[in-house]
Amino acid sequence: MLFRRSLRTSAAALALLLPFAAACGTDARAESSTVTLAVGATGWKAEEAVLKYAGLDDTPYKIKWSLFQGGDQQLQAIRAGALDLASSSEIPPVFAAADGSANFKVVAVQKGATLNQEVVVPKGSKVTGIAGLKGKKIGYVQNTTAHYFLYELLKQAGLKWSDVDAKPLLPNDGLAALNGGGIDAFASYGTSIITAHQQGATTVGSGKDILSGNFLWSARDSVLSSPEQKAAVADLIARITKAYAYVRDGHLDGFAQVTADATHQPLAQARKDLTDAQAQRPTQARTVGADTIASQQKVADVFTELGALKEHLDVKSFWTTELNADLEKAL
């Protein structure tokens, strides 16, 4: 309780009030109550849940959370003007910006685990490795981490993309196809992989050591032109980092229960996944740097090699350090 109260009344409050005071005048909290952020989430609303669990959901701005099956859909929503802030892997912004008219910028990076990023086969399958998928039907979530690590795993196994019958599918559709015999394997992530294992699927390949663990926060350009919304974005990203620090500081069991309830998995499994994830890469935000941009450039170049991008894409065009100062203060 003391830890939770201190977060509310000291660091979080100070980080919040300073940027909002500068942006909104002396009555920052009253003025900022008119600010609303439309924010995306993938799989389940883990960010919303962890803020509530850590007692950091008392934002002086409103948040409208929307759930999507993938970061690619979040970026599509950003492009359509339906979201202010999207969270995704490095891949979706590449495709959202490929036409050269992106209306967003990557403003921050959240380091995170790369677990539950797998290629799975259904119960009873005789396939035991990626090489065994030659000539098989493989579902994958297009323009996401699944697309990327599947391509890299095939290369490692000496296979070309053309050596398999790759089918783009959304996570829920891929699960149904896997269980119904419509595909021989499925490359996906998150809750869809957890559910697949609950239904008897086994892992034949993992993106754990292929993926960088860089998850990107992308903000619509109109957000960056609003001092109030910009301050709110920095504060929200910092609060999520602080909330996960609270979870790691002796509160894993409680958040594991929240996770188990939301994802309908056994508590023991939820706790193991949460513990393993935070041990591999503690969830925490960092500012934009040359190394984070270079990491995404490498990913974009792979998709050019694959033919998914028609020409070379310079990812620097949709990154910005504009949030760095605000985020450093909030963290």
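In these legends, a contact means heavy atoms within 4.5 Å. The model is predicted, so local features need pLDDT (the predictor's confidence in each residue, 0 to 100) of at least 70 and side-chain atom pairs need 80 or more, while totals for chains, interfaces and linings use all residues. Residues are numbered from 1 along each chain as its sequence is written, and side-chain values use heavy atoms, with hydrogens and water left out.

**View 1. Ser-295 and its partners from elsewhere in the sequence.**
Ser-295 sits in helix α14, residues 290-306 (helices are DSSP runs of H or I, at least four residues; strands are E runs of at least two, and both are numbered from the N terminus). With a relative accessibility of 18%, Ser-295 counts as buried (under 20%; exposed is over 50%, partly exposed in between, with a 1.4 Å probe and protein chains only). Which residues does Ser-295 touch once neighbours within four places in sequence are set aside? They are Glu-90, Ser-212 and Asn-214. Take Glu-90: 205 residues separate it from Ser-295 in sequence, yet the two C-alpha atoms are 8.3 Å apart.

**View 2. The cavity lined by Glu-90, Ser-212 and Asn-214, among others.**
There is one cavity of 30 Å³ or more, where a cavity is a set of points on a 1 Å grid over the protein atoms alone at which a 1.4 Å probe fits but cannot get out. The largest cavity has a volume of about 60 Å³, taken as the space filled by probe spheres set on points joined across faces, edges and corners. Its lining (residues with an atom within 4 Å of a point) includes Ser-89, Glu-90, Ile-91, Thr-114 and Thr-145. Gln-117 of strand β5 is on the list too, along with the run Leu-211, Ser-212, Gly-213, Asn-214 and Phe-215.

**View 3. Strand β5 inside its sheet.**
Five strands make an open, mixed sheet in the order β7-β6-β8-β5-β9, where pairing takes at least two DSSP bridges between two strands. The edges are β7 (165-168) and β9, each paired on one side only. From one strand to the next, the twist averages 30°. Strand β5 (117-121) has five of its five residues buried, so the rest of the structure largely encloses it. Both of its faces are covered: Gln-117, Val-119 and Val-121 are buried on one side, Glu-118 and Val-120 on the other.

**View 4. The bridges on either side of β5.**
Strand β8 (185-189) runs antiparallel to β5, with four bridges between them. In β8, Val-119 is partnered with Ala-187 and Val-120 with Phe-186. Strand β9 (202-206) is also antiparallel to β5 and joined to it by four bridges. There, Val-119 has Gly-205 as its bridge partner.

**View 5. Two helices across the strands.**
Helix α7 (145-156) lies across β5, β6 (137-140), β8 and β9, at about 130° to β8 (axes are fitted to C-alpha atoms, for helices over the stretch in contact, with angles from 0 to 180 degrees between N-to-C directions). Helix α9 (190-198) crosses β5, β8 and β9, at about 135° to β8.

**View 6. Two loop residues with positive phi.**
Most residues other than glycine have a negative phi. Asn-143, in the loop between β6 and α7, has a positive phi of about 60°. His-264, in the loop between α12 (252-263) and α13 (267-280), also has one of about 60°. Buried or exposed? Asn-143 is buried, at 19% relative accessible area, whereas His-264 is exposed, at 66%.

Note on methods:
On a 1 Å grid over the protein atoms alone, a cavity is a set of points where a 1.4 Å probe fits but cannot get out, and a pocket is an open set with protein on both sides within 12 Å along at least five of seven lines; lining residues have an atom within 4 Å of a point.
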